Amino acid sequence: MTAQTTKNYIQHVPTYIDEKNRDHQALLDVMRETVLYFDRWGLVRQANLRAKNWLPDIQVAGLTFIELLPQWDDPAERQRELMQVIRSGLPVWGSKERAFEDGGERWYSVDKIPTTNEASDVVGVMLVMSDVTESVLRERALRESESRYKAYIANSAEAIWRYDLCPPIDINIPVDDQVNQIIERAVLSECNDRLAWLYGLKFAHELLGQSVLRKGSVKHQQDLDFFVRNGYKFENRESHRTLGTGKRMYLQTNAIGIVENGYLIRAWGTTRDVTENKRYLERLEYLANHDPLTALPNRALLYRRIDEYLEKRSPDQLMALMLIDLDRFKEINDTLGHLAGDKVLKQLGPRLEAELGITPGIIARLGGDEFAICLPQVESREHAVALAQRFFKSICQVFTIEGFQTEISASIGISLCPDQASDVSTLMRFADVAMYHAKTRLQGVAVYNSEHDPNSPKRLSLMGALGRAIREGELTLFFQPKVDLNEHALYGFEALIRWNHPELGFIPPSEFVPIAEMSNMIAPLTRWVLEESIRYCKQWLEQGVCVNVAINLSARNLMDENIIDDLKTMLDYYNVPGEALELEITESAIMSDPARAQIAIERINALGVRFAIDDYGTGYSSLAYLKRLPVQTLKIDLSFVRTMMDNEQDRIIVNSTINLAHNLGLQVVAEGVETQAIYNELTALGCDLVQGYHVAKPMPGSEIESWIREDHWELRCQAELRQNCGSRVTD
Ligand code: C2E
Ligand code: MG
Ligand code: MG
């Protein structure tokens, strides 16, 4: 029934108010509640002012509850309850009833009070209704939010907890006392199952009532100390627990203490299991610090570790940094494929680690075929070298890859701290210089030496000055004779460069040639030596002195294709036959890139120019291998020759080298012949040529002609040269 129809219906019922109750009307009208009085037949007899205001357009008298309040929730049931009160005479207090008004729900608290006459018969019922909508809705919202909160806590992935402090703690007492009191008084009063789970239990109630330290939720006293000093809070404070399985669980805690009137009364907090996060971060960190192929630490980690070593180093502690570069690793990649190359690198890590054993240190892969080892504590320079030799040997062991066996070698450079440098970048640079030196000399292991460093201050200043020396004629060429032992005749000269520095005076080639070799300066320097030698050669040929001139080449010169064209141009320009020249190159220079060296030597040979292996015996290469190259001459290093009369071993080496070289069809020159005895011995051993102070020291080109004349030297000119020199040769 709608409000409108109800209104019309009521209008036809005459208002009836019990005369006897007229006195009560005034009383009812002042009540804040809505009051309706029903007679024993369940019809409204009386309504207070508030009820009339509530139902302004309705003549309430004579209506049933159903007719009067159809908007009530289940009005028929309400009417029945009302009649029940009349029948039983028992009141019903504060029943919460719902009505739907203006499209919304409203709640009323309704008292149903039976009224009686003098004979105690129930004659009616009074409905006292008060609108409690607001409090009902508020209560409901509260209940909902509480259940939401409970669900949130129960289902939270974080452990949520509350410790109460009983009695509360005075926050003005010293921190240590506060910490002690927290330990004594804090009791876990509330938590979710998640907290129990973190401690290996199932339900929250298993933990409740425990103290703060016993279960280790805030494990360390320091944590509590921090909590107090930090204004009674933790923000993302990390801790860890070791589980029964031995694994570590990482936790992160946020907490806040509640302080009231200067007393800490409780603390709320959340604790998260961040183990997975932590492991993920650890993994990321691992990847950032390790080489994925070999699993060895990478450059970044190496540098950090060296920094740590440097920081902790005691003043007299010697530290060694080794830089390892594999030799001809590219060949393995090129011939066996990159996968095989990767396998070699993978096998190398464990080998180096096994060799390192328990010695403190770090092995890192820097990239490509470069590795580094830093040993924070070595006994001496010699000890560092011995350790490096051990690493070297382990690298040189055979590698087996998919049934193939392959060998590789390496060059190791060592720098020492504090003897040579005390910071990472200088130590690295020095080790690199030493490594490069070891590589060019095929030395295996080399310790840094500023003499080999292209960037040492002395070298840098020499480097600048050398450019000027080449341009401004500070260089001169000296010549040292070579004598044929068979005929006791002059065979030719070796051109040896000299630098007369305006301020530093005479600088030996052993000091400035390596500097030039380390920069591009070696190209103009060699070009100058070649031209100067050819110019002298031309001059001597014109004077009828048909001799061979030997020029020293560096490894880098062999790699420089322009030099071959330049050489041809110079020979043509000065009209000097190629046979008048011989180029000397050390075995290590050839071995640093044998394939390219071979091509270069063949092209130079094609100009008629001969080739000699210089300083033979100081490298590692076998004579049989060298013979595969188109070289014609072998120069036995002076270190064997000078001592051959005193050292039987050296004499044997010289002797066997001569025999072996002859068997391979090579001409043999002995350099460093300082005495007649050596000269005689070499003659007896069948050596072809000698060079040394005993014959003559190197002398300026301008003195050669008079030296030949004064010493009455016969010239022993090779057949090809004689042919080419034609009429200019004096026989
Ligand atoms: P090297 O080519 O082995 O030259 C022989 C060295 O031995 C020369 O030293 C020579 O003076 C020295 N010598 C010769 N006979 C004797 C002797 O009886 N006793 C002793 N103790 N020494 C003797 P030098 O002129 O100081 O040259 C040293 C090195 O410098 C040369 O060794 C060579 O490797 C290099 N060099 C010299 N000139 C040039 C050049 O124009 N270009 C290049 N690339 N290197 C050069
Ligand atoms: Mg030489
Ligand atoms: Mg030599």
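Which of the 22 residues around ligand 1 come nearest? In this predicted model, they are Glu 494, Asn 552, Asp 614, Glu 674 and Tyr 693. Several of these names will return below, and the ligand is a suitable place to begin.

Three side chains illustrate how the protein meets ligand 1. Asp 614 places a side-chain N or O atom 2.8 Å from an oxygen atom of the ligand. Arg 498 has a polar side-chain atom 2.9 Å from an oxygen atom of ligand 1, while for Ser 554 the partner is a nitrogen atom of the ligand, at 3.3 Å. Taken on its own, ligand 1 has 790 Å² of accessible area, and the protein covers 84% of it. The elements that contribute two or more residues to the surrounding shell are β19 (489-501), α17 (509-518) and β23 (610-616). Among these, β19 supplies the largest share, with 4 residues. Sorted by class, the shell consists of 9 nonpolar, 5 polar and 8 charged residues.

The next subject is metal binding. The magnesium ion that is ligand 2 is coordinated by Glu 494 (OE), Asn 552 (OD1), Glu 584 (OE) and Asp 614 (OD), at distances of 2.0 to 2.2 Å. Along the chain, these donors follow the spacing E-x57-N-x31-E-x29-D. The fold therefore brings together distant parts of the chain: Asn 552 belongs to strand β21 (residues 548-552) and Glu 584 to strand β22 (residues 581-586), 32 residues apart. How exposed or buried are these two donors? Asn 552 has 29% relative accessibility and so counts as partly exposed, whereas Glu 584, at 0%, counts as buried. A second magnesium ion, ligand 3, lies 4.1 Å from ligand 2, and Asp 614 coordinates both ions.

Charged side chains also pair with one another. In general, side chains of opposite charge can pair when their charged atoms come close. The count for this model comes to 43 salt bridges. One of them involves Glu 494, which forms a salt bridge with Lys 635, the closest N and O atoms being 2.8 Å apart. Glu 494 lies in strand β19 and Lys 635 in strand β24 (residues 633-636), so that this pair links parts of the chain 141 residues apart. Both of these residues are buried. Glu 494 is thus a residue to follow with care: it is among those that come nearest to ligand 1, and it is also a donor to the magnesium ion, ligand 2.

Glu 584, another donor to that ion, meets Lys 482 in a salt bridge with an N to O distance of 4.0 Å. Because Glu 584 lies in strand β22 and Lys 482 in strand β18 (residues 475-484), the pair ties together parts that are 102 residues apart in sequence. Both Glu 584 and Lys 482 are buried. These residues belong to a network of salt bridges that links Lys 482, Glu 494, Glu 582, Glu 584, Arg 610, Lys 635 and Glu 671.

A further salt bridge is found between the side chains of Arg 266 and Asp 164, at 3.4 Å from N to O. Arg 266 lies in strand β10 (residues 263-273) and Asp 164 in strand β6 (residues 159-170), so this pair ties together parts 102 residues apart in sequence. Arg 266 is partly exposed, with a relative accessible area of 28%. Asp 164, with 18%, is buried, because the limit for that class is under 20%.

The backbone also deserves attention. Most residues other than glycine have a negative phi, and most peptide bonds are trans. Where does this model depart from that pattern? A cis peptide bond joins Cys 166 and Pro 167, with omega about -5°, and Pro 167 is found in strand β6. The peptide bond from Cys 417 to Pro 418 is also cis, with omega near 10°; Pro 418 lies in the loop between β16 (409-417) and α15 (424-440).

Positive phi values occur at two aspartates. Asp 74, in the loop between α4 (65-68) and α5 (75-88), has a phi near 50° and is partly exposed, with a relative accessible area of 44%. Asp 102 has a positive phi of about 50° and is placed in the loop between β3 (92-101) and β4 (104-116). With a relative accessible area of 85%, Asp 102 is exposed.

Definitions and conventions. Residues numbered from 1 in each chain as written. Chains lettered and ligands numbered in written order. Predicted model: local features only at pLDDT ≥ 70, side-chain atom pairs only at ≥ 80, totals over all residues. Heavy atoms only, no water. Near = heavy atom within 4 Å. Polar contact = N/O pair within 3.5 Å; in protein donor to acceptor, adjacent residues only side chain to side chain. Areas by Shrake-Rupley, 256 points an atom, 1.4 Å probe, with all protein chains shown as cover. Nonpolar A, V, L, I, M, F, W, Y, C, P; charged D, E, K, R; others polar. Donors = N, O, S within 2.8 Å, 3.2 Å for Na, K, Ca; no water. Buried < 20%, exposed > 50% of the residue type's maximum accessible area, 1.4 Å probe, protein only.
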